[in-house]
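Welcome! Please open the structure in your viewer and keep the selection tool handy, and we will walk through it stop by stop.

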Amino acid sequence: MSLRVIAEVNLAAIERNAARLRARLGSHTQLCAVVKADGYGHGAAPAARAALRGGATTLAVATAAEAAELRRAGLDATILVLGALSDEELPLAVAAGAEIIVWEPGFIDALRPLVAGADRPIGVHVKLDTGLGRLGTRDPERALATVRAVLAGGSGMKLAGVMTHFATADDDLGFAADQLRRFKPFVAESRALATGELTVHAANSAALLRLPDSHFDMVRAGIALYGGDPMNHDPADHGLEPALELKSYVAAVKPIAAGQSVGYGRRFVAPRDSVIATLPVGYGDGFVRGLGDNCEVLIGGRRYPVRGIVSMDNITVEAGLAAPVEVGQQVTIIGSDGAQRQTAEELARRAGTISYELFCAISRRVPRAYHCDGRPCE
Ligand SMILES: *Cc1c(COP(=O)(O)O)cnc(C)c1O
């Protein structure tokens, strides 16, 4: 073990998760793999390919640059840009042949000159804000006016879909049901206006798992694809398989006497004679500071408590309580070691966050190593 910290990504797990999610959908419902933020830290292009192998048919990202990156990596599937597009980003999205989301008739005026003369029409989705309160219009009449503007926008664009996004599908299904009730009349009126095929979509991972009535023609799944649990509990509850393991190694081991301290701020003062192991991973790698003195890591199939503050490049573990550890031993931060398993969700709860954020926090400094069930992928 020579790498200080590494994220091992099992692409076969992503493929199987996609197939498992696909199996929860009706035959007419497509699976859109959300690979924004570099595939939730797993690597956008490899994750996208694995999801497509598992039965996803379209991809989604948050930004125009992310769409362009997937194109550069050779992915030719439909890509939907979920985020807002500035005047500077819109031409990038168009150049990548991505589909975009709009909610005001004014967007169509900005789009028209960019797409005039394009060899293929740009797919446009109209977003109704049914309760999340971020992007989209809350006014169904304005959303319908936007639908009409797209339909009248000329040959450079086509109405590809209508959509909404849930605020509480991971939590309050009552409010999610309210959102669905607000969405459905807009869907019906859009279907009546549409001249071509219309893809209606609303569900994220949580709604995919918990609200079958929200599946419509497509679901947009992110976290579940990576084997994360949108409810921040145990992905195994939904038959999902975590795809990422975060590993480091023991770089130093030394005794500590009662009363001596470890780390910045002397946060940990040893209450007894013990042993401290130093691991070369810190918040600069994505091991967030909220985990200081607040979690365990797995070494040799056992759990060891993290002691003291998390620094940028190192953490310290008390190794004097269980079996002795040795320099060079592998450490599992997220993943399994023998009978022990630590999910990103468990760590996230301790840090007061969600697994999404822990995955996105894994920094560029951490190499990603791809495999398929422990073997090289084809
Ligand atoms: C990120 C995102 C998703 C995916 O959410 P998950 O909870 O990861 O499944 C779906 N739709 C939109 C609009 C998003 O921004």
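**Stop one: the ligand and its contacts**

Select the ligand together with Tyr40: an N or O atom in the side chain of Tyr40 is 2.5 Å from an oxygen atom of the ligand. Bear in mind as you look that this is a predicted model. Next, add Tyr356, where a polar side-chain atom lies 2.6 Å from a ligand oxygen. Then pick Ile223; here a backbone N or O atom is 2.8 Å from an oxygen atom of the ligand.

How much of the ligand's accessible area does the protein cover? On its own the ligand has 390 Å² of accessible area, and the protein covers 92% of this.

**Stop two: the pocket around it**

Now show the surface. The space that the ligand takes up is the largest pocket. Colour α2 (36-40) and β9 (218-221), the elements that each give two or more residues to the shell around the ligand.

To see the shell itself, select Val34, Lys36, Tyr40, Leu82, His165, Asn204, Ser205, Arg220, Ala221, Gly222, Ile223 and Tyr356. Colouring these residues by class gives six nonpolar, four polar and two charged ones.

**Stop three: a salt bridge**

Leave the ligand now and select Arg53 and Glu15. These residues form a salt bridge, with their closest N and O atoms 3.1 Å apart. Which helices does this pair link? Arg53 belongs to helix α3 (residues 44-53) and Glu15 to helix α1 (residues 11-23), so display both helices to see distant parts of the chain joined by residues that are 38 apart. If you would like to keep exploring, the model has 20 salt bridges by this count.

Methods. Residues are numbered from 1 along each chain as its sequence is written. This is a predicted model: local features need pLDDT of at least 70, side-chain atom pairs count only at pLDDT 80 or more; totals for chains, interfaces and linings use all residues. Side-chain values use heavy atoms; hydrogens and water are left out. A residue is near a molecule or strand if one of its heavy atoms lies within 4 Å of it. A polar contact is a pair of N or O atoms within 3.5 Å; within protein, one must be able to donate a hydrogen and the other to accept it, and residues adjacent in sequence count only if both atoms are side-chain atoms. Accessible areas come from the Shrake-Rupley method with a 1.4 Å probe; for residues, only the protein chains shown count as cover. On a 1 Å grid over the protein atoms alone, a cavity is a set of points where a 1.4 Å probe fits but cannot get out, and a pocket is an open set with protein on both sides within 12 Å along at least five of seven lines; lining residues have an atom within 4 Å of a point. A molecule sits in a cavity or pocket if more than half of its atoms lie within 2 Å of its grid points. Helices (H or I, at least four residues) and strands (E, at least two) are DSSP runs, numbered from the N terminus. Ala, Val, Leu, Ile, Met, Phe, Trp, Tyr, Cys and Pro count as nonpolar, Asp, Glu, Lys and Arg as charged, and the others, Gly among them, as polar. A salt bridge is a side-chain nitrogen of Lys or Arg within 4 Å of a carboxyl oxygen of Asp or Glu.
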